[in-house]
Structures are given as structure tokens and as C-alpha cells.
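This report covers the fold, the nonpolar core and the salt bridges of one protein.

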Amino acid sequence: MMWFSLLAIFFLSIISIILYASNKKNSTKNSIYLKELESFENIVNHTNDSLFVIEIVNGKLLHINNSAAAFLGYTTDELKAKTYFDLLPKEYLNKSAETIADVWENKGMVFKDIPFKHKNGEIIPVECSAKIGSFDDNPAIVIYARDMRERL
């Protein structure tokens with residue numbers, strides 16, 4: 001009986017060591033993934049172009065970068081509370097819905113016929129590159145928008 005108890009303690013000790021090593025390895029992997037995610041977020045936030053990740057069903061802004069907020073005159077929190085359609089001049093809403101449908105059908109496209117509206121009301125011509133993607137496992141449209149005012 002004593003051998004059985006010692007053997008059980010021995011196996012439990014080995015299992016504990018294996019679990020500890022496994023958790024430490026996973027913790028290291030998680031730390032690496034978090035650093036990579038922070039680096040990626042840093043890159044996205046330091047691009048000149050505005051980034052909008054848009055929920056296809058209702059136009060909700062799922063993700064934006066700092067350039068998008070600065071470009072349109074909003075804070076990131078203000079912008080996250082808006083939809084893609086809130087950022088467009090009213091007369092372009094039908095055209096934008098058609099364009100979103102075209103982006104979906106073609107799995108992406110470049111367009112420049114739909115301007116954005118700045119918080120102060122200024123209409124800003126943009127060139128947009130849109131692709132179908134996913135965000136939190138949901139279909140989304142990823143749009144990079146470039147200010148065209150200087151070019152025009």
C-alpha cells in the first residue's frame with residue numbers, strides 16, 4: 001500500500017511538472033502573440049490612409065485607425081459610435097449602398113466617386129480601396145481611404 005501511495009505521488013508530481021511547463025510555454029506564446037498584435041496595431045495606427053472596417057449588414061464601424069479619426073475631425077470614440085453611412089454626404093447614401101454591394105460581389109474594388117463628410121461639414125474627395133474580409137469571425141468590408149484634395 002505504501003508503494004502505491006509513493007507511486008501515485010510520483011506520477012502526480014510528474015503530471016504537475018508537465019502541466020507547469022505547458023502553462024509556462026503557453027504563457028510565453030501568449031506574450032509573443034500580444035506583442036505581435038500591439039506591433040500590428042501600431043503599424044495600422046501610423047499609416048497615412050484612413051482605415052475603416054465596416055460590418056456589412058448595418059454599416060457599423062467595427063474598427064478604425066487614428067488616421068481615420070483625425071482625417072474626419074472626430075475622436076476615435078466618437079467615430080466608433082457612428083456608421084459608415086453617417087460619414088457620407090446624404091446625397092451619396094444610395095450610391096454608397098450600391099458600391100458596397102459591388103464590393104461584396106467583386107470581393108473588392110477601388111472607387112473614388114463617394115466623398116466623406118468631415119465633422120465640420122466639409123466634403124472631402126477620397127479614393128477608396130475596399131476588400132471583403134472578416135472581423136471577429138463576421139464578414140466585413142475593409143476600406144482604406146486616401147484624401148484626394150491635394151491631388152485635385
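A nonpolar core is a set of buried Ala, Val, Leu, Ile, Met, Phe, Trp, Tyr and Cys residues whose side-chain atoms join within 4.5 Å. In this predicted model, the largest such core has 25 residues, and Phe-52, Leu-72, Leu-79, Tyr-84, Phe-116 and Ile-143 have the most contacts inside it. Two or more residues each come from strands E1 (50-55), E2 (61-64), E6 (126-135) and E7 (138-147) and from helices H2 (66-72) and H4 (93-106). Helix H2 gives the most, with four residues. Beyond its neighbours within four places in sequence, Tyr-84 touches residues including Ile-54, Leu-61, Ile-100, Phe-116 and Ile-143.

The protein has four helices and seven strands, in the order α-β-β-α-α-α-β-β-β-β-β from the N terminus. Of its 152 residues, 28% are buried. The exposed surface is about 10300 Å², with 58% supplied by carbon and sulfur atoms.

Five salt bridges are present; three of them are tabulated.

| Pair | N to O distance |
|---|---|
| Arg-146 and Asp-49 | 2.8 Å |
| Lys-95 and Asp-113 | 2.9 Å |
| Asp-147 and Arg-149 | 2.6 Å |

Arg-146 lies in strand E7 and Asp-49 in the loop between helix H1 (2-45) and E1, so their salt bridge ties together parts 97 residues apart in sequence. Asp-49 is buried at 17% relative accessible area, whereas Arg-146 is partly exposed at 36%. Lys-95 and Asp-113 are partly exposed too, at 35% and 34% respectively. Asp-147 and Arg-149 belong to a salt-bridge network with Glu-122.

Note on methods. Residues are numbered from 1 along each chain as its sequence is written. This is a predicted model: local features need pLDDT of at least 70, side-chain atom pairs count only at pLDDT 80 or more; totals for chains, interfaces and linings use all residues. Side-chain values use heavy atoms; hydrogens and water are left out. Buried means under 20% relative accessible area, exposed over 50%, partly exposed in between (1.4 Å probe, protein chains only). Accessible areas come from the Shrake-Rupley method with a 1.4 Å probe; for residues, only the protein chains shown count as cover. Contact means heavy atoms within 4.5 Å. A salt bridge is a side-chain nitrogen of Lys or Arg within 4 Å of a carboxyl oxygen of Asp or Glu.
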